[in-house]
Amino acid sequence: MPSASHLTTCCSLALIALSACAPARAGDWVSYRDAYRAMVVFEKYGGQKNFLQSQLQVAPQERGTALDGVQLTLAGKTNQVNLPLDPLGRTAFPLLKGAYDENVALMLSRKIGGFRLRPRVSIALQADGVYEDGELRAACEQALGFARYGDGSLRTRQCGGVRFVFAKRAAEIGVRVHRPDGSDASLAVSTGAAFPGDADDGFPTVLYRFTGSEKVQLVTAYPPLAIVPLFE
């Protein structure tokens with residue numbers, strides 16, 4: 001197996017959604033240890049993170065590259081683990097001592113052209129599709145706290161809201177604001193990049209901005225792929 005220095009995965013997690021790692025050509029392997037070092041930062045972070053989740057993202061360099069059916073494979077000498085990717089190219093990354101010791105190769109199951117591996121931290125999804133405004137604010141603050149943990153320049157940033165990202169073929173796309181008086185209002189749907197720094201692949205998105213202190217609920221009729229904190 002080539003040396004671990006063959007490809008260095010970027011460990012800068014400062015901006016969370018802007019984290020960019022070293023490019024890799026399809027067919028090449030990526031050092032498990034480098035990916036591990038990037039991902040373990042979140043696990044070791046001692047701040048509040050109960051509303052957050054951390055995943056590893058395969059990000060194609062060419063816009064519009066489909067990831068349907070692509071898997072990220074941990075190819076070791078004796079064991080092989082296939083990690084399916086969601087439509088945003090993310091997967092739960094296993095922190096395995098044996099894979100670290102062996103420094104297994106991380107490869108894609110088929111060629112997609114140039115790509116990057118990078119950590120992605122987003123807000124954990126709720127099974128019932130209902131999100132309290134206060135919990136979303138707390139989740140965004142947790143994400144910002146983690147971002148500041150790696151980059152002091154973010155001290156002046158504030159949480160402006162969250163972005164709901166939906167699958168392109170979702171059965172129903174939308175977010176309703178449910179107020180205490182029983183009234184509902186639908187938020188506007190637009191298309192764009194899922195995360196800041198991603199290519200604009202036209203994912204349906206809904207932006208919810210934090211305004212006032214009204215205790216409202218956000219209700220999604222169909223599960224989003226991700227809820228991304230917005231720093232301003």
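**Salt bridges in a predicted model**

R176 and D184 are joined by a salt bridge, with their closest N and O atoms 2.2 Å apart. The model is predicted, and a search of the whole structure finds 8 salt bridges.

**Exercise 1.** Determine whether R176 and D184 are buried, partly exposed or exposed.

*Solution.* Step 1: partly exposed residues fall between the cut-offs of 20% and 50% relative accessible area. Step 2: R176 has a relative accessibility of 33% and therefore counts as partly exposed. Step 3: D184, at 37%, also counts as partly exposed.

**Exercise 2.** Describe the pairing of D34 with R37 and the place of both residues in helix 1.

*Solution.* Step 1: the side chains of D34 and R37 meet in a salt bridge, at 3.0 Å from N to O. Step 2: both residues belong to helix 1 (residues 32-44), where a spacing of 3 residues separates them by about one helical turn. Step 3: D34 is buried, at 8% relative accessible area, whereas R37 is partly exposed, at 37%.

**Exercise 3.** Establish which parts of the chain the pair D198 and R120 ties together.

*Solution.* Step 1: a salt bridge links the side chains of D198 and R120, with an N to O distance of 2.6 Å. Step 2: D198 lies in the loop between strand 13 (189-192) and strand 14 (203-209), while R120 lies in strand 8 (residues 115-123), so the pair ties together parts that are 78 residues apart in sequence. Step 3: both D198 and R120 are buried. Step 4: R118 joins R120 and D198 in a network of salt bridges.

Conventions:
Residues numbered from 1 in each chain as written. Predicted model: local features only at pLDDT ≥ 70, side-chain atom pairs only at ≥ 80, totals over all residues. Heavy atoms only, no water. Salt bridge = Lys/Arg side-chain N within 4 Å of Asp/Glu carboxyl O. Helix = DSSP H or I, 4+ residues; strand = E, 2+ residues; numbered from the N terminus. Buried < 20%, exposed > 50% of the residue type's maximum accessible area, 1.4 Å probe, protein only.
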